[in-house]
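Reader: Got a minute to walk me through this one? I'd like to start with how the chains meet.
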Amino acid sequence: MASTTETLAAPAARTLPRIRTRHVVMVLYLAFMLIPIYWLIKMSLQTNREILGAFTLWPQNPTLDNYRVILTDRSWYMGYVNSITYVVMNTVLSLAVALPAAYAFSRYRFLGDKHLFFWLLTNRMAPPAVFALPFFQLYSSVGLFDTHIAVALAHTLFNVPLAVWILEGFMRGVPKEIDETAYIDGYSFPRFFVKIFMPLIASGIGVAAFFCFMFSWVELLLSRTLTAVNAQPIASIMTRTVSASGLDWGVLCAAGVLTIIPGALVIYFVRNYIAKGFALGRV
Amino acid sequence: MEKTPNQKAWFLVLPVLILVAFSAVVPLMTVVNYAVQDSFGNNVFFWEGLGWFEQVLTSDRVHAALGRQLAFSAIILAIQIPLGVAIALCMPKRGVWASVCLVLMALPLLIPWNVVGTIWQILGRTDIGLVGHTLAGLGIDWNYARNPVHAWITVVVMDVWHWTSLVALLAYAGLQSIPQAYYQAARIDQASRWKVFRYIELPKMQGVLLIAILLRFMDSFMIYTEPFVVTGGGPGSATSFLSIDLVRMALGQFDLGPAAAFSIMYFLVILLVSWVFYTVMTNLDRAEGK
């Protein structure tokens, strides 16, 4: 009897300190994640003079002036409008072409399917630096330079493969019997696809849309190369401000905080799919 | 799932094919074109053959950039993979705190890359940045814009901050798929914590960890924006990784021939890694199907 209590008590005693180290590690890691973001927010609430003056850990006189500058100055807020315009165009375009293709990959065997699937992956992995110059020349020669559609099309390079892979990962989880039953019931393919199939993979479509949005939103090199004035994204406006002299740190930080907001808003809803999305639907 | 042979499925993939051909094949052909020709302007080109490839392959500048790139990717993997696994093991398994951790950890992944650069550019400054100020307070002459070692540390810490969560989230997803019965069996066998990790958790995470390694390798191999914003590739060319060097060559100096040859070789490396990735993925799918 005594030995039983001992064996039961021993693991409990061993788990207790382990849980504590776990918590410490987690808290330290989250602090490491959050302190840089806190610093950005803190500086966005200060005037430039306060930032460059005394060094403080929190804003002494918090002010929203920096945000006011961005939201009232056309050259700033148009950056957000431009970014959102091409990101939305890209997301819609990517999903529209990726949905039928992902269905084909998940359901049918056809000539060259594996090669095509692999080739899509290589485009997801392609370094934007390789494509920067050819894109610049291609879109200049067809008169699309400095338009939203040029950036949206350029970003399909990595977003269409991403959407196809993620959607395929979700679609293979839907049993094929559903398709067959629907065809027996007399559904045509488009009607079946829109009415029955798409609701079934709604979360997959949401995740794919989220990742298309994110990857287009965070990309700088291609969007900067392909735009000059009219379609200039916020990211590129920010880097140009950095290189200029007499830099206003407060406004720069406020611009940075505003670019984080779209991701931060939806992240809660996709929290369980982040790994799946980054792993191209394969986790 | 058993797939039906159906050649008409080609019609469903045709839009993707056309779109990606336009945004990938056409530009790549331009690159190939430049790689084998030379020009004195006026759009007059003449055949150059493999000259540019030879020049790039023997160029010290490219060798140096490649060396820096490989060193960077190696350091990144050596830090992020073990750290990510450790964090995943420490994460709460379920409940509110699991969600809180997931959301907070994923935040850096969703920040635009240039803002990531801006954040660390500011943090490292001795006058206004928390990290730089603290280090200066400790008596270290911290200057990432002048000291190559400091520049490297900044860029590496920045990447660890930016991407470790991805490894952790992938490893966490792998851990979540382990049935509780395995742990119970281990407890009955009185397995130590290390043995549970070595014989239960690690084998179960193998697939996702391979994906994590490949993704991190690929993304660190083509890193551009973050170091570009923080250091601009400097001091000198201490942090000019392959992409930064390539863009400088192609868009800064308009050395189209060497830049194109460089691009093609870059792309071949990517192709090779993608193939490994693809094989891993399909093997994983097959193992899951069993």
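Reader: So how many residues of chain A are in contact with chain B?
Author: 99 residues of chain A are in contact with 101 residues of chain B, contact being heavy atoms within 4.5 Å. Keep in mind this is a predicted model, where local features need pLDDT of at least 70, side-chain atom pairs count only at pLDDT 80 or more, and totals for chains, interfaces and linings use all residues. Residues are numbered from 1 along each chain as its sequence is written, chains are lettered from A in the order written, and side-chain values use heavy atoms, without hydrogens and water.

Reader: What area is buried between chain A and chain B?
Author: About 9100 Å², with 78% of that from carbon and sulfur atoms. That's the accessible area (1.4 Å probe) lost on putting the two together, summed over both.

Reader: Which helix of chain A gives the largest share of that side?
Author: Helix α1 (residues 2-44), with 16 residues; helices here are DSSP runs of H or I, at least four residues.

Reader: And how many salt bridges cross the interface?
Author: The rule finds 0, looking for a Lys or Arg side-chain nitrogen within 4 Å of an Asp or Glu carboxyl oxygen.

Reader: Switching topic: what does B:Met105 touch?
Author: Its contacts include A:Met26, A:Tyr29, A:Leu30 and A:Met33 from chain A, plus B:Ile87 and B:Met91 among others, leaving out residues up to four places away in sequence.

Reader: What about residues 84-105 of chain A?
Author: That span is 100% helix, and its end C-alpha atoms lie 30 Å apart. The unreviewed UniProt entry annotates 84-105 as a transmembrane region, though such annotations may be inferred rather than shown by experiment.

Reader: And 192-218?
Author: In chain A that span is 96% helix, with end C-alpha atoms 35 Å apart.

Key. Helix = DSSP H or I, 4+ residues; strand = E, 2+ residues; numbered from the N terminus.
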